[in-house]
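Please find below my notes on this model, set out as numbered points. They take up backbone outliers, a helix, the cores and a pocket.

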Amino acid sequence: MAWNKIGLCLVLLGGVLLYGALSFGLPKNVEMKMPEPGQKLIYFAGGCFWGVQEYYSRIPGVAETISGYAQSQVPNPSYDIVCSGKTGAAETVRVLYNADQVDLQTLVRQFFRIINPYTADRQGNDVGKQYRPGIFYMDADDRRVIEGVVADLQKQSKRPFVVEVEKLQNFYPAEKYHQDYLKKNPGGYCHIDFSSLKDLEAKNDRPQKYAKPSREELEARLSPIEYHVVREAGTEPPFTGKYWKHDEPGIYVDIASGEPLFSSSQKFDSGCGWPSFSKPLAPDAVVEKRDLSHGMDRVEVRSRIADSHLGHVFPDGPKALGGLRYCINSAALRFVPYAEMDREGYGEYKKFVRPVGD
């Protein structure tokens, strides 16, 4: 009898240990690449991670995708315990991407093409807190980009979004059988429509209208102050630039690449001595980064394609215009008059400009 009781205890103990392992996660042995220079990470929760991982793995410029669990209250959770709803985790895909091939704005915009942004704790046929939609970032620069895109998309909708935008607290890779599930099981369950990838592929197949010039080209083409500003993050003296008092209708483009950046309709006189704008032509027309140089904590503004230093953005702009002041160096810009926009290939941006008399 004694041995029978001991045996029963051992069985029960084994069950407890097994449950603990399932609850708190067994080692999953899933390797994740660390970002190399020029690579960045972003995390998307869009329902069942099988489809989200497959979708992002097909986007040009994405180097690696890993299915896993983010924002978990339990270390290294297993799939079973996540499904129980006891962890607070969200099924999430870790996306490692080459920033010079695909930008964060594009990845976020594509995310909204595969989710229902109005449903909390549900995507497709999957219901539960682990299926809530969310975007999890690692640094403040990415947060500003994400929130800019989300705000732009929200303006186009009458219903409020319920998509979480939060700093990443943790991420644990899912079990191996979840990784690249749809590649291994082409007929497996998936709630995502992949058709929007065709638009992205078509966009990538088109010749790039704007490109990042070489250092040699810029040195030959730009003046010393222009080169100093766009390539060495310099600043022109206030009240000296050719555009700080400029009020002709048209658009301002990157002097390095020609990429459209700002419209005269968003320009205002801030009295600071540099051209000031309430916003760029589009949320993804510029890239914003934290700048701790010169003993200050500022937000730098750079062009998206040529990576030109443009200036900084400050929260002291007119409240009626949104409260922001994009303080931009004239030396980083080239002005295209409204009357010349068609001839120079910028006709599609005329809708952002108020001509004289309007």
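**Notes on the predicted model**

1. Asp180 counts as partly exposed, because its relative accessibility is 32% (buried means under 20% relative accessible area, exposed over 50%, and partly exposed in between, with a 1.4 Å probe and protein chains only). Although Asp180 is not a glycine, it has a positive phi of about 50°, and its place is in the loop between β8 (171-173) and α6 (181-184). Helices (H or I, at least four residues) and strands (E, at least two) are DSSP runs, numbered from the N terminus.

2. This is a predicted model, in which local features need pLDDT of at least 70 and side-chain atom pairs count only at pLDDT 80 or more, while totals for chains, interfaces and linings use all residues. Residues are numbered from 1 along each chain as its sequence is written, and side-chain values use heavy atoms, with hydrogens and water left out.

3. Asp307 also has a positive phi, near 55°, in a residue other than glycine. Asp307 lies in the loop between β14 (298-303) and β15 (309-314), and with a relative accessible area of 28% it is partly exposed.

4. Helix α4 (residues 104-111) is largely enclosed by the rest of the structure, because seven of its eight residues are buried. The buried residues of α4 are Leu104, Gln105, Thr106, Leu107, Val108, Gln110 and Phe111.

5. The largest nonpolar core (a set of buried Ala, Val, Leu, Ile, Met, Phe, Trp, Tyr and Cys residues joined through side-chain atoms within 4.5 Å) has 40 residues, of which Ile42, Phe44, Tyr56, Ile59, Leu107, Phe112 and Ile135 touch the most other members. A second, separate core of 24 residues includes Leu222, Ala256, Leu261 and Ala332. Leaving aside residues up to four places away in sequence, Ile135 touches residues including Ile42, Phe44, Val108, Phe111, Phe112, Ile146 and Val163, where contact means heavy atoms within 4.5 Å.

6. The second largest pocket (on a 1 Å grid over the protein atoms alone, an open set of points where a 1.4 Å probe fits, with protein on both sides within 12 Å along at least five of seven lines; lining residues have an atom within 4 Å of a point) is lined by 21 residues, of which Gly148, Pro280, Pro283, Leu324 and Tyr326 lie nearest its centre. The elements that give two or more residues to this lining are α5 (140-155) and β13 (286-291), and α5 gives the most, with eight residues.
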